[in-house]
Amino acid sequence: MKTLKKIVFTISPLAMAVASNMVHATSAVGTDNHLGNEMNPSGLPVLCEPSPEGLTSFSKDSRTPTGLRYQQPCLKPENDPEGDGWIVYGTVEAGVTGSGGDDKNAYFVEYADRDDGPIITVVSLSARDSESASYAEFSAGNLGRDDEHLEAEYGVAGSYKARFTYNKIPHVYATNAKSPYQGIGSGNLTLPAEIPVNSVSNSVPGSTEGLDSFIDSQSEFELSVNRERMGLSGDYEITEGVKAYVDYKHEQRDGLRAFGGSFNFDFLGLGIGSVNEVIEPIDYMSHDITAGFSINADRYNLNASYTGSFFSNRIDSLTYENPWNTGFGGFTPATGQSDLAPDNQFNQLRLEGNYQLPSWKGLATFSLSRGRMEQDDKLLPFTSNTGVLPFGVNLDDWNTTAALQRDSAEARIDTGVEQLKLSFKPTDKLGMKFGYRHYEEDNKTSPFASCNQITDQCAFVFLDAGLAGAFGSAALFRLFDPDNGVFTNFHYLSVPWDYEKNKYTAGFSYLVQAKTRLGFDYELEKIQRSYREVDETDENKFRFNIVHRDGGWGTIRVEAGYAERRYDGNYNSNPYEHFYTEELLHDFINDPGTAPASAAAAQAALNALAPHTLSELRKSDLSERDQMTFAAKVNLALNEKTDLMLTADYKDNDYDAAYGLDYDKTKGVGLEISQASSVKSDWYMSYYFQSIKSSMRNIDSTEIGTDGSAGGTFYPFANEWSSGEDETSHMIGVGLNTQLAPDYRLGLGYAYGLTKTKISYAAASAAALAASQAGANPVGSFDDIRYEQHQIELNLRGRVTDVIGWRMFAQYEIGRIEDFHYEGIQRAENEKLSLGTDVDDWDAFTVGLQAQYQF
Amino acid sequence: MLKAILRYLICLILFYGASVPLYAAEENPALKKGDWPVSFAEFVGADQCKGCHQAIKGHYAHTKHAIAFEKNPGNALERKNCEACHGPGSRHSEHPLEKNAIVNFQQDSDLPKPVINGQCLQCHDGGERLHWDNSIHDSNDLMCSDCHNPMARFSKRGLQRTSSVNDTCISCHKTQEAEFKKRSHMPVLEGKVSCVDCHNPHGSSSETLLKADTVNQVCYNCHQEKRGPFVYEHAPVRENCINCHKPHGSNHEFLLNVARPFLCQSCHSHSQHVNDLLTAEAGPGAKSDARVVGRSCQNCHSQIHGSNHPAGVRMHR
């Protein structure tokens with residue numbers, strides 16, 4: 001009651017202060033703010049006929065303040081606004097489409113349903129009451145297809161509106177997957193009778209071939225995830241200046257994704273594997289809601305909102321049988337089990353507002369938010385397997401949740417923002433701004449220890465003990481049992497990482513001439529992270545920009561920036577001792593309890609610990625960095641009907657890292673020229689070039705000694721290597737939209753894109769190579785990752801009568817894809833099982849013929 | 001009680017402020033303050049506008065502005081219809097060719113930005129535009145009419161000047177447009193995601209006009225399964241998705257910044273298998289290595305976004 005009084009007492013003057021301003025257009029809350037599809041991204045009727053008079057009889061080629069020509073509006077029968085009652089107008093387009101060539105290729109159908117058959121391509125209906133401000137709208141596209149969408153809105157302009165949306169988004173990853181597993185799509189993948197569990201191995205002649213031929217006999221299936229999202233939203237003007245709004249989305253995601261379900265891998269080059277690609281079932285459901293109100297008063301604005309997001313996964317875990325047997329005679333897991341995405345929720349309250357200060361046209365803006373991410377899914381046991389490992393560990397003690405420290409995740413992170421911005425305009429020419437923003441994530445999850453409550457041991461049962469079982473190694477099981485003289489250093493305790501970010505900003509702008517503005521901004525960003533290699537990074541950022549707008553020829557915008565990120569104190573390459581059993585070992589040495597004899601051995605183990613990592617390696621999100629940026633956009637009106645746009649971008653990140661990411665640089669230039677040669681005809685040409693380069697260094701470890709520094713016995717210079725990426729992109733676009741004859745309109749477009757990534761490497765010696773690469777050249781490059789696409793699109797629209805027309809549509813694509821990760825991938829080979837999703841080139845087309853009715 | 005009164009007074013001061021109104025509800029003060037011709041004009045009524053601007057009339061009639069202003073005006077300003085946005089029209093009516101006799105939102109206007117944008121902000125101040133002041137678009141001197149054209153319906157929503165909000169954005173943001181054409185990309189050019197699903201072009205309280213407090217919170221709007229929190233977290237993943245992913249498009253699968261395994265190896269150099277150099281021969285074939293083939297490191301570390309499995313500290317399960 002006391003709290004309620006406080007709230008009422010605090011809010012009442014606020015409510016009283018609401019003045020007579022308006023609040024309008026809550027338009028972009030949540031997702032699905034625009035609905036379209038690949039065949040018709042705008043979702044509007046294609047190839048409209050431009051209104052011959054344009055928007056005005058006086059100036060047909062008007063431009064935006066920046067200098068881009070405004071489009072001509074479409075000529076529609078509905079442009080006669082006169083009428084009684086409800087005025088209804090719209091377009092319906094329906095017909096058939098068909099695809100051919102490599103029309104099942106994943107890249108061709110990635111986000112589109114290109115099935116053959118009848119289709120309603122566009123529905124666009126509008127209605128408004130001539131007597132009131134009531135209106136209704138309905139639009140839809142590709143009805144009946146996997147990329148269909150529809151939206152309906154009803155409202156009274158200026159008072160309220162309600163909107164319903166339905167949107168399906170396909171995402172196809174591969175259409176050529178094959179697998180021996182049964183139960184695909186469920187949480188339990190089993191092997192068929194032909195492939196018994198643990199039966200396939202390099203050491204069992206013919207077994208791999210048998211697996212391969214069995215997979216070959218299976219049908220191909222699609223790896224894809226389809227989103228189906230339904231939304232309800234609306235806003236209502238409670239009184240002048242006060243508006244409430246809500247946006248709710250319900251989404252269902254279904255499909256299959258490739259997933260790693262390995263048991264072992266061949267990092268020693270011993271010819272063993274058990275690398276297993278399995279199929280993750282996707283059956284997600286989410287509810288997302290944002291609701292709030294906004295107040296717009298004479299001197300202030302206020303927004304208050306609640307955001308809730310509730311996610312549930314109907315399949316909690318994925319269990320998969322293991323076809324492999326390492327053949328070492330030790331333990332081989334029969335199954336693997338992964339914990340899939342947990343049900344989780346996010347709740348957030350936000351309050352933000354601004355207030356006009358009485359002096360210097362000042363404006364104070366604040367934001368406050370408090371949020372919480374949490375999940376408490378039931379935990380799985382350490383393993384799903386049974387049996388006794390060669391070093392005596394009985395998995396029956398580990399395959400039960402009774403062994404866990406706790407039986408559910410109890411994970412939670414609290415978030416918060418506090419922000420204040422002040423801006424002043426002491427003169428018409430001078431602007432000043434100052435700001436402070438604090439963001440924090442407070443991880444409230446209690447650290448989880450990978451220790452067994454039944455056996456009082458700690459261990460890392462990774463890959464379901466596949467690796468430890470194959471080698472019969474307690475060390476590879478990461479067993480930590482000091483009472484019995486077993487010491488392995490491993491990461492046994494989860495790290496509750498969190499961070500907070502404080503940002504201080506200041507800036508000035510000055511209007512040099514009526515339309516020329518200079519701006520300067522400074523920002524200091526301080527990020528404090530818990531349990532990371534550095535306690536705090538400070539980044540000073542400087543930005544200078546100039547904008548010159550000219551009423552005659554166009555606009556120039558240029559921006560240059562420099563930033564330097566530094567960390568406070570030393571870079572500690574191993575801040576994780578507390579989370580490793582190393583810490584427990586210290587405790588044990590100090591208090592060996594009933595096993596004093598083991599203390600000396602424990603000390604010896606401690607002294608012999610391998611380094612955590614290469615001391616001089618700097619993680620790129622933390623390392624010291626100098627950054628230079630440059631961006632320019634120039635819009636030129638070459639003549640009354642022709643626009644030219646030039647863009648340039650440059651970003652150079654130079655990391656102060658002897659090892660780790662050294663640099664990454666991006667530069668891009670673009671040119672676009674467009675012309676509306678008449679109201680009935682326009683064309684454009686564009687070209688964009690981008691270059692991205694990056695480089696990194698590392699040292700292959702020898703596992704000898706305890707010195708983690710570069711050049712030491714563990715990381716000798718002889719094992720140093722570097723790699724670099726050099727990527728170039730060329731994008732070309734040409735398009736024409738013209739009236740061929742009074743009743744025929746043509747739209748023609750060609751788009752070309754090529755991106756090539758070269759990845760090269762060089763090592764100081766062959767000693768840097770992975771064991772599997774023995775004999776390989778330590779200097780060289782991978783085959784380029786290459787993605788090339790030609791796309792030609794044609795639309796021809798004809799008119800039969802004023803209201804009936806037709807549209808012919810054709811899209812032809814040639815695609816070339818090369819990626820060394822997948823090129824020539826085998827489904828069963830050398831103790832590796834994959835879904836065989838090799839990337840394929842494509843030559844494919846979609847054609848369609850639609851009838852249009854416009855009324 | 002004293003505290004409560006104090007709180008009440010603070011609220012009063014905060015919300016009422018000084019007595020001098022800086023921003024009236026019905027007129028853009030910047031417009032009245034200037035010495036351009038429109039400042040001295042009088043309202044003449046929409047009928048007079050429509051008398052000359054016949055071509056516009058039909059298109060404008062179907063916009064939400066027209067419907068609201070003509071059929072459901074919320075206040076005196078909205079009743080002025082055309083002149084609510086363009087300012088009083090008497091001077092323009094008398095001297096149609098005189099510059100600045102009316103508020104013109106196009107390139108050839110000489111009126112300063114605060115005047116032109118101020119016309120829109122008479123009604124559209126606050127709400128989603130609360131952070132407009134000094135936002136990146138504001139500081140680059142963009143005007144409302146750079147993106148919007150309220151004189152006709154070119155787009156389904158938002159009175160865009162092009163056929164969709166995506167087209168409006170990419171008409172300037174050519175780098176992003178090119179990235180949307182790369183091998184893995186957000187389906188923006190396919191019409192399935194819009195720029196405003198992630199960004200608020202009118203300003204926001206966070207960086208790069210994001211609609212949420214952080215990059216990750218924006219990503220979680222569609223990728224809720226990655227939100228966790230997990231028992232075992234991956235620090236750079238928790239802090240910022242773009243430590244590993246490009247937000248718009250990439251030549252690598254899953255919008256990755258660089259190819260695996262090098263993406264992982266740029267931060268990890270622990271002992272044993274992590275820091276080995278893998279060569280071109282590690283792809284599918286005789287010397288194939290699971291750290292390169294297919295999903296690379298994620299063949300084993302499949303839960304790279306975080307694991308809820310008790311044996312998930314290395315993101316395997």
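In this predicted model, 56% of the 855 residues of chain A count as buried. The C-alpha atoms of chain A fit a box of roughly 95 × 70 × 60 Å along the principal axes, and the secondary structure of the chain adds up to five helices and 33 strands. Among contacts in chain A with a separation of 6 or more, 67% link residues 24 or more positions apart.

Next come the internal spaces. Rolling a probe the size of a water molecule over the atoms shows where empty space is left. Searching the whole structure turns up 11 cavities of 30 Å³ or more. The largest cavity has a volume of about 800 Å³. A set of 46 residues lines the largest cavity, and those nearest its centre are Val29(A), Gly30(A), Thr290(A), Thr307(A) and Lys211(B). Two or more lining residues each come from β8 (242–260), β9 (275–296), β10 (300–313) and β13 (344–356) of chain A. Of the elements, β10(A) gives the largest share of this lining, with six residues. Sorted by class, the lining of the largest cavity holds 22 polar residues, along with 12 nonpolar and 12 charged ones.

The second largest cavity takes up about 160 Å³ of space. Its lining has 17 residues, and Ile825(A), Lys832(A), Leu833(A), Ser834(A) and Val293(B) sit closest to its centre. Here the elements giving two or more residues to the lining are β9 and β32 (832–833) of chain A. The largest share, three residues, belongs to β9(A), a strand that also gives two or more residues to the lining of the largest cavity. By class, the lining of the second largest cavity splits into seven nonpolar, six polar and four charged residues.

Turning to single residues, His149(A) is found in strand β4 (residues 149–156) of chain A. Is His149(A) buried or exposed? With a relative accessible area of 2%, His149(A) falls under the 20% cut-off, so it counts as buried. Its side chain makes a polar contact, at 2.9 Å, with the side chain of Asn37(A). Beyond its neighbours within four places in sequence, His149(A) touches a run of chain A residues that includes Leu35(A), Gly36(A) and Asn37(A). Other contacts of His149(A) in chain A include Gly43(A), Ser139(A), Ala140(A), Gly141(A), Leu143(A), Tyr166(A) and Asn167(A). From chain B, Lys156(B) and Lys192(B) are also in contact with His149(A).

Chain A also has an open sheet of three strands, in the order β6-β11-β12 and with mixed pairing. Which strands stand at its edges? They are β6 (188–189) and β12 (335–339) of chain A; each has a single partner strand, so one side of each is left without a neighbour in the sheet. Two bridges connect β6(A) with strand β11 (residues 317–321) of chain A, and this pair runs parallel. Within the pair, Leu189(A) is set opposite Tyr320(A) in β11(A).

Backbone geometry gives a few more spots to look at. Most residues other than glycine have a negative phi, and most peptide bonds are trans. Asn142(A) has a positive phi, near 50 degrees, without being a glycine. This residue lies in strand β3 (residues 134–143) of chain A and counts as buried at 2% relative accessibility. Leu463(A), another residue other than glycine, likewise has a positive phi, near 55 degrees. Leu463(A) is in the loop between β16 (430–443) and α3 (466–471) of chain A, and with a relative accessibility of 2% it counts as buried.

Chain B brings in two cis peptide bonds, each leading into a proline. One runs from Gly228(B) to Pro229(B), with omega near 0 degrees, and Pro229(B) sits in the loop between α15 (215–219) and α16 (235–239) of chain B. The other joins Arg260(B) and Pro261(B), with omega about 5 degrees. Pro261(B) belongs to the loop between β2 (249–250) and α17 (262–265) of chain B.

Technical notes. Residues are numbered from 1 along each chain as its sequence is written. Chains are lettered from A and ligands numbered from 1 in the order in which they are written. This is a predicted model: local features need pLDDT of at least 70, side-chain atom pairs count only at pLDDT 80 or more; totals for chains, interfaces and linings use all residues. Side-chain values use heavy atoms; hydrogens and water are left out. On a 1 Å grid over the protein atoms alone, a cavity is a set of points where a 1.4 Å probe fits but cannot get out, and a pocket is an open set with protein on both sides within 12 Å along at least five of seven lines; lining residues have an atom within 4 Å of a point. Grid points are joined across faces, edges and corners, and a volume is the space filled by probe spheres set on the points. Helices (H or I, at least four residues) and strands (E, at least two) are DSSP runs, numbered from the N terminus. Ala, Val, Leu, Ile, Met, Phe, Trp, Tyr, Cys and Pro count as nonpolar, Asp, Glu, Lys and Arg as charged, and the others, Gly among them, as polar. Buried means under 20% relative accessible area, exposed over 50%, partly exposed in between (1.4 Å probe, protein chains only). A polar contact is a pair of N or O atoms within 3.5 Å; within protein, one must be able to donate a hydrogen and the other to accept it, and residues adjacent in sequence count only if both atoms are side-chain atoms. Contact means heavy atoms within 4.5 Å. Two strands pair if DSSP finds at least two bridges between them.
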